[in-house]
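Student: Could you take me through one part of this protein up close? I'd like to look at the sheet formed early in the chain, and then at whatever around it helps me get my bearings.

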Amino acid sequence: MWGYSKEELYTKTFQDITHKEDLNKDLGAMRALLRGDISNYTIEKRYFHKNGSIVWVRLSVSLVRDDKDEPEYFISEIHDISQQKSDQEELKILLDLSKEQNNRLSNFADIVTHNLRTHTSNLDTLVGFILAEEGTVNACKSENFEYLKKSIKNLNDTVSHLSEVAKIKSMNKEEIKSLNLHEYCNKAIYNVSGLAKNIKCKIENNVDPQHSVLAIPAFLDSIILNFLTNALKYSAKDRVAEVFLCSEINEDFIVITFKDNGLGIDMKTHGDQLFKMYKTFHKHKDARGGVGLFITKNHIESLGGKIDVKSELGKGTEFSVSLKKAV
C-alpha cells in the first residue's frame, strides 16, 4: 500500500508517513481513545507513499487494555480508498463544470429571450405602422399580412415558452399542465403554413378535440413543430406532399401519430442512429445536424412518454408519440 518493505516500515512511526494536515486529527482521536473518552474511531486520512505520492485510507482504530485496564496496544485496520477519493474528486470537478455550464446556458437563454422580445416588439410596432399607413381595411385584404400578424403573435408565445424552459431546473408537478392536443396541433400547423404553402403540402389535423395530455407548453410546442417541419423538409419531389395527424387512447397515454409520404428513412441502416445527436439521413440545406430529433426525444421522455417510428425509404415515415393522458 505504501511501497515499503516490512523492514523499512518498522523503522518509521505513523507520524513519519502521515500527511501533516491530517496528523492532528489522528493524534487527537488517539489521545481520546487512550483517555477512555471513546472506545474506537474511524477517520479518513492521507499517508505518503514511498515514492512521494498520496495514499488515501480509511483508518479504524481500537485499543486493547490489560487486566488492570492499562493500554496495551492498538489495533488498526487500514483500507486503501485512493481510487474512491480520485473518483469523488473527478465527480466534483464534473459537477462544478456542469454547474458553470448551466449558469452560462441560463445567462445565454436570458440574453436570447430578452433580445427576441426586443425584436418581436419592433415587429409589432412595424405592423402598427403598416396599419396606420395602409388602413386596417386595405392591410387586412392581404393574406400575407394576416400571416405576418399571426406569426408575430406565435413568435411572442414561443419567446414566452423559451423563458419558461430557461427557468426549468427540475421537473415538478407545477410545471406540468393539462394541454389540449388538438389546439396545440392547430397552432403548430399554422406556424408552418407558409412552408406548407410553398411546397403545396396538405396537412390534416385529425387529432381528437377531446384529447388532452400532461406536458409543459414549451415542450409540447417543440415536439409537434419538430415533426411537422421534418415532414415538410424531407417531402418527396415526385408527389404531392401530405401529412396526417391523428390520436388515440392507449391505457394511460394519448398516442399522437405524425404520418407523411415523404422521403422516408432506411431503418435497417439508420434505425439505431435516428435519435442521436449530429445524425442526419438526407441532404438538405436546412438540416440542423440531427439536433431536432435528439431534443424532441428528450422532451418526450422527460414528460414520462415514449416515441416509436416506422419508416420505409421512398414511401414515408410515421412517428407515434405517447404522452400521459390528462385526467
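Tutor: Let's settle one word before we zoom in: a residue is called buried when its relative accessible area is under 20%, exposed when that area is over 50%, and partly exposed in between. By that yardstick, 33% of the 327 residues of the protein chain count as buried. Keep in mind that this is a predicted model. The chain has 11 helices and 10 strands, and of its contacts between residues at least 6 apart in sequence, 63% join residues at least 24 apart.

Now for your sheet. It is an open one with three strands, in the order β1-β2-β3, and the pairing is antiparallel. The edges are β1, residues 40-48, and β3, residues 71-80, each of which pairs on one side only. On average, neighbouring strands here are turned by 30° against each other, leaving direction aside. If you want to trace the pairing of β2 (residues 54-65) with β3, you'll find nine bridges joining these antiparallel strands. A handy spot to start is V64, whose bridge partner in β3 is Y73. Packed on the sheet is helix α3, residues 20-35, which touches β1, β2 and β3. The direction of α3 makes about 150° with that of β1.

Follow the chain from β2 towards β3 and you pass D69, which sits in the loop between them. Have a look at its backbone: phi is near 65°, a positive value in a residue that isn't glycine. D69 has 51% relative accessibility, and the cut-off for exposed is over 50%, so D69 counts as exposed.

Side chains give you two more landmarks on these strands. On β1, check Y47: it forms an edge-to-face aromatic pair with W2, with 5.0 Å from centre to centre and 80° between the planes. W2 lies in the segment before α1 (6-10) while Y47 belongs to strand β1, so this pair ties together parts that are 45 residues apart in sequence. Both W2 and Y47 are buried. The other landmark is W56: K85 lies over the face of its ring, 4.5 Å from the ring centre.

For some context, let's step away from the sheet. The structure holds three aromatic pairs, and ring pairs also link F227, F258 and F319 into a cluster. Another aromatic residue to click on is Y147, in helix α6 (residues 143-167). Leaving out residues up to four places away in sequence, Y147 touches Y190, S193 and K197. Its C-alpha is 7.9 Å from that of G194, although Y147 and G194 are 47 residues apart in sequence. With a relative accessible area of 22%, Y147 is partly exposed.

Further on, K200 is another non-glycine residue with a positive phi, about 55°. K200 lies in the loop between α8 (193-198) and β5 (202-206), and at 68% relative accessibility it counts as exposed. C201, by contrast, counts as buried, at 12%.

As for cysteines, there are zero disulfides in the structure. Take C246: the nearest cysteine sulfur belongs to C185 and is 10.0 Å away, and C246 is in no disulfide. The relative accessible area of C246 is 34%, so this cysteine is partly exposed.

Note on methods: Residues numbered from 1 in each chain as written. Predicted model: local features only at pLDDT ≥ 70, side-chain atom pairs only at ≥ 80, totals over all residues. Heavy atoms only, no water. Pairing = 2+ DSSP bridges. Helix = DSSP H or I, 4+ residues; strand = E, 2+ residues; numbered from the N terminus. Axes fitted to C-alpha atoms, helices over the stretch in contact; angles between N-to-C directions. Contact = heavy atoms within 4.5 Å. Phe/Tyr/Trp six-rings, centres within 6.5 Å; stacked < 30°, edge-to-face > 60°. Buried < 20%, exposed > 50% of the residue type's maximum accessible area, 1.4 Å probe, protein only. Lys NZ or Arg CZ within 6 Å of the ring centre and 35° of its normal. Disulfide = S-S within 2.5 Å.
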